[in-house]
Amino acid sequence: MPIKKINSVNTDAPSFGALPKPFVIKRAKTIDILEKMGKFSSPQQRLFLGVTALMTQPFIDLNNKSVDEKTRVVSCARTIAKNFIGTIVGITVRELCIKAIDFCTEVDAKKLKDTKYFKFKTALLPSNVKFKEVTRELVKHRQALGTFIALGAMLFTNFAIDLPLTKWMTNLLVKKIEKGAQKKLEKQKQDKLQGGGK
Amino acid sequence: MKLSLQKTVDGVYKHFSHDLGFMLLVTGAVGWALSSLAHVTAVVINKDIPKEQKNFLIPQEIADAFVNIAAFIAITHQFNKFGTRMVESGKLTTAPIRNFLIKNQESFKNLNERIIDSNDLISKYFKKVFKNDSAAKQKLEPFFTKRKVNITDSDVFKNNQDNIQKDFYSFYDGVDFISSTVGAIVSCNIVTPILRNIFGAKRQKSLIMHDKLHQSSIMFAKPRVTLESYAQNVSQKTSLTSPNSSMKI
């Protein structure tokens with residue numbers, strides 16, 4: 001990161017000399033939780049996003065009053081299917097990509113002693129830098145590679161897995177919702193008839 | 001084959017490993033576009049979904065990709081930037097890091113006089129535009145370049161005293177994860193579905209209107225005169241048919 005000196009001193013910038021009142025987390029347990037979350041990567045993030053998507057998006061679709069009820073039902077069913085399948089496939093693809101990249105960017109000397117699959121173990125390491133341990137730089141390189149490989153994998157999984165499964169699950173959910181609605185209507189009719197008979 | 005793989009790996013390391021933010025933006029945009037394409041295809045080929053619902057679902061899915069990309073830049077990225085900036089500037093910190101800052105406050109005073117923000121897009125653009133004009137650069141620099149103090153740029157931090165780097169980066173990564181996840185939840189799971197539904201509904205209404213207009217135009221339009229129908233018409237008018245005989249003159 002290049003650092004450039006300037007002549008004038010900006011008084012608006014936060015000054016560590018004056019130590020402005022910062023928000024300091026003192027509880028060891030909170031710090032511990034934050035540090036543990038720092039170790040999470042894209043599969044965990046996809047899980048958080050997927051679960052919250054299933055908690056919010058179907059309700060937003062069901063309460064979309066600018067469309068008719070049938071469209072709302074189909075839209076809600078499709079959103080559930082899309083997010084459910086997308087989350088499962090997304091987590092699996094990410095986990096597999098991370099495992100593959102970790103395997104192909106091995107720097108541990110002990111593990112490299114075993115010459116089996118040696119070519120694969122170092123296949124994704126940059127040729128101009130020698131890593132002796134897992135540094136922050138290597139982690140960033142793994143993340144960058146992971147993003148690329150996941151994008152390539154998505155090309156395949158989106159069309160080969162997500163597409164047919166989402167279609168199948170949407171139809172299944174729409175049929176179930178429609179059946180449930182029909183049963184409800186029939187029950188209401190029966191209740192009315194029974195009430196009239198009495 | 002092996003050579004091209006190594007070249008790709010080296011290229012990724014050289015160009016993207018140090019600037020993951022930009023790469024995530026590009027790959028994210030491509031990913032959303034691909035995902036949207038797959039889901040649009042899923043709706044189009046689904047014969048169980050009626051046309052009226054398809055009129056809503058297809059534009060809804062297309063809007064999903066565009067809104068997602070825009071919301072990522074406007075919300076997720078900003079949430080993430082805000083969170084990490086708070087940690088980098090020492091405004092959001094933990095007790096051990098704060099103690100380190102107090103202990104070494106003299107060495108942080110100099111940081112105030114530096115421009116550190118090389119990752120800032122405006123700063124990058126500014127540097128590119130005024131590359132060869134040093135006079136203009138000097139005059140305009142204060143307006144275009146943000147001055148930001150970053151703990152990690154101090155020499156005392158770089159020298160890894162009191163093992164502060166481990167504490168700092170563990171905390172930084174935690175805040176990074178939380179801020180980007182919260183930002184993504186707000187943008188992808190709340191803002192995007194609301195906006196895509198508004199767009200989808202508008203498009204559905206206009207398509208239904210278009211269909212109705214098309215149907216009414218077919219109903220009220222004069223039938224097209226073809227040579228065949230004209231000949232038939234003429235023969236009907238000129239033929240002398242009797243109800244009892246099939247003979248035509």
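## Close-up views of a predicted two-chain model

**Figure 1. A cavity of about 40 Å³, the second largest in the structure.** Welcome to the first close-up; please keep in mind that the model is predicted. The structure holds 2 cavities of 30 Å³ or more, and this view is centred on the second largest of them. Which residues line the second largest cavity? From chain A come A:Arg78, A:Thr166, A:Lys167 and A:Thr170, while chain B brings B:His39, B:Ala42, B:Val43, B:Asn46 and B:Ile49. Two elements give two or more residues each to this lining: α6 (136-197) of chain A and α2 (20-45) of chain B. If you sort the lining by residue class, you will find 3 nonpolar, 4 polar and 2 charged residues.

**Figure 2. Helix α1 of chain A, residues 28-38, with its buried residues.** Here we move to a helix of chain A that carries A:Ile31, A:Leu34 and A:Gly38 as buried residues. Where do they sit around the axis of α1(A)? Their arc is only 65°, which places them on the same side of the helix. Turn to the other side of α1(A) and you meet A:Lys29 and A:Lys36, both exposed.

**Figure 3. Helix α4 of chain B, residues 95-103, and its two faces.** The buried residues of this helix are B:Ile97, B:Arg98, B:Phe100 and B:Leu101. Viewed down the axis of α4(B), they lie within an arc of 160°, so they line one face of the helix. B:Asn99 and B:Lys103 are exposed, and they are found on the face turned away from that buried side.

**Figure 4. B:Thr76 and its contacts in chain B.** This close-up picks out a single residue of helix α3, which spans residues 51-88 of chain B. Is B:Thr76 buried or exposed? Its relative accessibility is 4%, and B:Thr76 therefore counts as buried, the cut-off being under 20%. What is B:Thr76 in contact with, once neighbours within four places in sequence are left aside? The partners are B:Ala71, B:Ser180, B:Gly183, B:Ala184 and B:Ser187.

**Figure 5. Chain A as the setting for its close-ups, with 6 helices and 2 strands.** Along the sequence, the elements of chain A follow the pattern β-β-α-α-α-α-α-α. Chain A has 198 residues, and 37% of them count as buried. Taking contacts between residues at least 6 apart in sequence, 57% join residues at least 24 apart. The accessible surface of this chain comes to about 13000 Å², with 62% of it belonging to carbon and sulfur atoms.

**Figure 6. Chain B as the setting for its close-ups, with 10 helices and 2 strands.** In what order do the elements of chain B appear along the sequence? They follow the pattern α-α-α-β-α-α-β-α-α-α-α-α. Of the 249 residues in chain B, 41% are buried. For contacts with a separation of 6 or more, residues 24 or more positions apart account for 73%. Chain B exposes about 15000 Å², and carbon and sulfur atoms supply 63% of that area.

Notes:
Residues numbered from 1 in each chain as written. Chains lettered and ligands numbered in written order. Predicted model: local features only at pLDDT ≥ 70, side-chain atom pairs only at ≥ 80, totals over all residues. Heavy atoms only, no water. Helix = DSSP H or I, 4+ residues; strand = E, 2+ residues; numbered from the N terminus. Buried < 20%, exposed > 50% of the residue type's maximum accessible area, 1.4 Å probe, protein only. Contact = heavy atoms within 4.5 Å. Areas by Shrake-Rupley, 256 points an atom, 1.4 Å probe, with all protein chains shown as cover. 1 Å grid on protein atoms, 1.4 Å probe; cavity = no way out; pocket = protein on both sides within 12 Å on 5 of 7 lines; lining within 4 Å. Points joined across faces, edges and corners; volume = space filled by probe spheres on them. Nonpolar A, V, L, I, M, F, W, Y, C, P; charged D, E, K, R; others polar. Arc of directions from axis to C-beta.
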